[in-house]
Amino acid sequence: MIRVGVIGYGYWGPNLVRNFAADPQADMALVCDPQEDRCLTAQEAHEGLKSCRDAVQLIHDPNIDAVAIATPVSTHFPLAKAALEAGKHVLVEKPITQTAAEAQQLIEIAERNRCVLMVDHTYVYTAAVRKIKQLIDDGTLGDVLYYDSVRVNLGIFQHDVDVIWDLAVHDLAILDYLLDQKPVAVSACGKKHADNNTESLAFCTFFFDSDTIAHINVNWLAPVKIRRALIGGNRKMIIFDDLEPSEKIRVYDKGVTYTEDPGQIYRRRVDYRIGDMHVPFLDRYEALQQVVHHFLDCIIHDKQPQTDGHMGLRIVHLLEAAS
């Protein structure tokens with residue numbers, strides 16, 4: 001039984017506490033938040049749960065084996081560093097840190113102390129993204145030509161990161177998981193529309209050595225919430241709409257074929273292929289439940305997490321480049 005402490009009981013912390021409390025591998029022992037009312041709310045929601053308002057107290061509690069950090073990005077590094085140096089396993093929210101240098105330091109401390117360091121890139125554990133990965137790996141899509149994402153909503157403005165670090169980080173984690181190749185260059189532009197001196201909308205294009213290209217549109221000032229990506233292959237194409245309740249993935253047998261046949265060139269070099277659309281079956285589960293279970297399983301069986309510190313570092317490198 002892994003005894004877990006969660007730091008931060010604001011937006012995401014309650015979801016972590018709930019899933020740790022439900023996992024038979026975990027003892028959800030302690031929650032920490034500087035606001036007393038949040039601590040009381042956590043204790044009311046989970047009978048027997050202890051709370052404190054000092055993160056240092058939780059980190060150095062000898063009864064705690066693992067620490068989950070659900071706090072603002074600017075606090076990730078000092079909290080994770082202290083926990084790892086105290087010999088605790090760490091699950092930290094995305095992005096892992098504010099700089100690549102900080103992420104590299106956490107990786108080295110975790111390896112030196114033989115601790116599990118995992119980043120909660122939740123989308124990687126969703127049934128929809130896992131299915132897309134399967135369709136790419138088994139050749140259904142063919143060669144991936146592009147990834148085109150729109151991830152917009154009205155708010156929530158973050159005080160310590162801009163819209164790229166808040167929203168585009170999800171698509172970068174998905175791309176890292178889906179593709180065997182990594183971006184080699186990025187073009188990014190953004191605009192500041194609020195008083196907190198951070199970009200509230202941005203357009204990022206990531207280039208690969210192959211023909212693959214990825215474009216990500218993120219925005220805190222949209223009148224509607226959209227979470228949609230188009231993934232085009234030279235065989236089939238996918239629409240991934242995370243807000244769809246039942247048909248999150250649609251696979252289209254559509255595309256173009258090219259001919260170099262001299263007899264056809266004078267008529268038309270490009271032919272359009274239009275076939276059927278189908279909706280793959282997806283298992284129904286909460287992705288965060290899979291994140292929590294995988295974290296605990298890696299601790300118990302001394303395994304490397306799928307979204308480990310090295311993946312977190314790769315994502316931060318791309319965020320820094322876009323910035």
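Q: What makes a stretch of chain a helix or a strand here?
A: A helix is a DSSP run of H or I with at least four residues, and a strand is a run of E with at least two, numbered from the N terminus. The model to which this is applied is predicted.

Q: Which helices and strands each supply at least two residues of the lining of the largest pocket?
A: The helices are α4 (73-85), α6 (127-137), α7 (163-178) and α9 (287-301), and the strands are β7 (144-154) and β11 (221-233). Of these, α7 gives the most, with four residues.

Q: What makes a residue part of the lining of the largest pocket?
A: A lining residue has an atom within 4 Å of a pocket point. The largest pocket has 48 such residues, and Y11, W12, K94, T122 and H170 lie nearest its centre. Its space comes to about 1,500 Å³.

Q: Why is H170 counted as polar in this lining, and not charged?
A: Only Asp, Glu, Lys and Arg count as charged, so H170 falls among the polar residues, whereas K94 is charged. By class, this lining has 22 nonpolar, 12 polar and 14 charged residues.

Q: What is the volume of the second largest pocket, and which helix gives the largest share of its lining?
A: The volume is about 280 Å³. Helix α5 gives three residues, the largest share; α5 (100-112), α9 and α10 (309-322) each supply at least two.

Q: Why does C115 count as nonpolar in the second lining?
A: Cys is in the nonpolar class, so C115 belongs there, while R114 is charged. Both are among the residues nearest the centre of this pocket, which is lined by 17 residues. These divide into eight nonpolar, four polar and five charged.

Conventions
Residues are numbered from 1 along each chain as its sequence is written. This is a predicted model: local features need pLDDT of at least 70, side-chain atom pairs count only at pLDDT 80 or more; totals for chains, interfaces and linings use all residues. Side-chain values use heavy atoms; hydrogens and water are left out. On a 1 Å grid over the protein atoms alone, a cavity is a set of points where a 1.4 Å probe fits but cannot get out, and a pocket is an open set with protein on both sides within 12 Å along at least five of seven lines; lining residues have an atom within 4 Å of a point. Grid points are joined across faces, edges and corners, and a volume is the space filled by probe spheres set on the points.
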